[in-house]
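Here are some short exercises to work through with the model open in front of you. Try each task yourself before you read the solution.

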Amino acid sequence: MSDRTSPHGFSVVICVYTEERWEDILAAVDSVRKQSLPPLETLLVVDHNERLLSRLTEEYAEQRLSEEVRVLANAGPRGLSAGRNTGIAAARGEFVAFLDDDAVAEREWLHHFAAAYDDPRVMAVGGRTLPAWASGRRPAWFPEEFDWVVGCTYRGLPPGRVPVRNVLGGNASFRRTAFDAAGGFATGIGRDGDRRPLGGEETELCIRLSKALPEAILLIDDRAVIHHKVPAVRERFGYFRTRVYAEGLSKALVARSVGAQKGLESERRYTTRVLPAGVLRGVGDALRGRSGGAGRAGAIVTGVTVAAGGYALGTLRARRNGTTFSWGPIERDGSDAPAATPSAEGAPAEARASTADPAATEAPAAEGAVS
C-alpha cells in the first residue's frame with residue numbers, strides 16, 4: 001500500500017480552517033506520514049481561507065510533487081461537511097480516513113483500520129480518541145461520559161473491535177464505495193468554523209449508509225488511537241453547556257433526516273443506562289470524599305437537561321420553518337480541482353433534501369452514541 005500510484009490503500013483527509021492551528025496541522029500531517037502503514041496520500045482541505053491555503057501549498061510544495069501531500073480548497077459551502085466531501089471527491093484510495101486538524105494519530109492507526117477491512121462487508125471503521133487536556137489533566141468536574149463534548153471517546157462505548165451504529169468523524173475511515181452507495185456528508189448539520197459547535201453529521205451519514213446497504217458492518221476498533229487536543233476554553237463549564245445544547249439542536253436535525261427511531265436509538269441506551277450509572281458513580285465518590293464527584297454528577301444532570309432543551313427547540317424550529325439540508329452523490333475527481341459538492345443553498349438535481357418528521361421528542365445524548 002506504500003506504492004502511491006496504486007488505487008489501493010488510504011487517502012487521509014484533514015480539514016483545516018484557521019492559521020491559529022498551524023502547529024497542530026503540521027503535527028497532524030506528520031503523524032500520518034509516520035504511519036507503519038503508509039497512506040497513499042494526505043489531503044489537506046482548506047475551508048475558505050486563502051491565506052492558509054497559500055501557506056500550506058508552499059509548506060508542502062515538495063510533497064505535492066510526489067503526491068504524498070495535496071492541499072485543496074473546499075469546493076462547497078463553508079463548513080466541515082462540505083470540506084470532507086471535497087476530500088472524498090479528490091481521494092484516490094480504496095479507503096478514506098479522516099483525522100481532526102488538532103489531533104495526532106498513533107503509529108499503528110491506519111494498520112488497525114486496514115485489518116478490519118479484510119471483511120468485505122465492513123464499510124466503516126472508527127477508532128478511539130483520547131483527550132490531551134491543555135491543563136495537563138482532566139478537570140475534576142468533567143465526567144468521562146461526556147468526553148464527546150471535546151471530540152473524544154466517552155465512557156459507555158464498548159471495548160475492543162465491535163459493531164456500532166455510527167463512527168465518530170474525527171477518527172474514522174470508510175470504504176470509498178460507501179459514498180457511492182449513500183452519498184456524502186449532509187451540509188447544514190456539522191461545524192462551520194467558529195460558529196455554534198453543531199455536530200451529528202457522522203451519525204446521519206452512517207444511518208443513511210446502513211439503509212442503503214443493509215448488510216453493511218460499521219465497527220470501532222479501540223486500538224486505532226488518536227490524541228485530540230483540548231484547549232483551555234473547552235475545559236470550562238460554559239463551553240460544556242454550549243456544546244451539549246448544540247448537540248441537542250443537531251440531534252433534532254438528524255432525527256428529522258432519518259426519523260427518531262433510528263436517529264435516537266443509541267441515545268436512549270445512553271440516557272437510560274450510561275448516564276444514570278455516571279450520576280451514581282459521582283455521588284458515591286462525593287460520599288467517599290473524593291474530589292469532583294459531586295461536580296461530575298451535577299454536570300451529567302445539567303448536560304442531559306440542556307441537551308433536551310436544545311433538542312426540543314430544534315424540533316420546534318424544524319417543524320415551524322421547514323428546515324432542510326441536503327446531500328448528494330460524490331463525483332470522483334481525477335484532477336487537483338475537486339468537483340463541487342452539494343449544499344442546502346444550491347443542491348444539484350440528484351441531491352435529496354431531508355423532509356422526514358421525527359415521530360418522538362426524546363432527549364438526545366452524545367454525538368456518535370452507539371449501541
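**Exercise 1. In which sense do strands S1 and S4 pair, and over how many bridges?**

Step 1. Find S1 at residues 10–16 and S4 at residues 95–99. Strands here are DSSP runs (E, at least two residues) and helices are runs of H or I with at least four residues, both numbered from the N terminus.

Step 2. Follow the two strands: S1 and S4 pair in the parallel sense over 4 bridges. To count as a pair, two strands need at least two DSSP bridges between them.

Step 3. Look across from Ala97 in S4, and you meet Val12.

Step 4. Now turn to strand S8 (residues 171–175), which is joined to S4 by 5 bridges and runs antiparallel to S4. Here Ala97 stands opposite Ser173.

A word on the model: it is predicted, so local features need pLDDT of at least 70 and side-chain atom pairs pLDDT 80 or more, while totals for chains, interfaces and linings use all residues. Residues are numbered from 1 along each chain as its sequence is written, and side-chain values use heavy atoms, leaving out hydrogens and water.

**Exercise 2. Are the residues of S4 buried or exposed?**

Step 1. Use the cut-offs: buried is under 20% relative accessible area, exposed is over 50%, and partly exposed lies in between (1.4 Å probe, protein chains only).

Step 2. Check the strand: 5 of the 5 residues of S4 are buried.

Step 3. Sort them by direction. Phe95, Ala97 and Leu99 point one way, Val96 and Phe98 the other. In a regular strand, side chains alternate between the two faces of the sheet.

**Exercise 3. Which element gives the most residues to the largest nonpolar core?**

Step 1. Define the core: buried Ala, Val, Leu, Ile, Met, Phe, Trp, Tyr and Cys residues, joined through side-chain atoms within 4.5 Å.

Step 2. The largest core has 36 residues, and Phe10, Ile14, Leu44, Leu56, Leu99 and Trp109 touch the most other members. The answer is H1, which gives 6 residues to this core.

Step 3. Locate helix H1 at residues 22–33. Its buried residues include Trp22, Ile25, Leu26 and Val29.

Step 4. Explore around Leu44. Beyond its neighbours within four places in sequence, Leu44 has contacts (heavy atoms within 4.5 Å) that include Ile14, Ile25, Val29 and Leu56.

Definitions and conventions. The expected span of a helix is 1.5 Å times one less than its number of residues.
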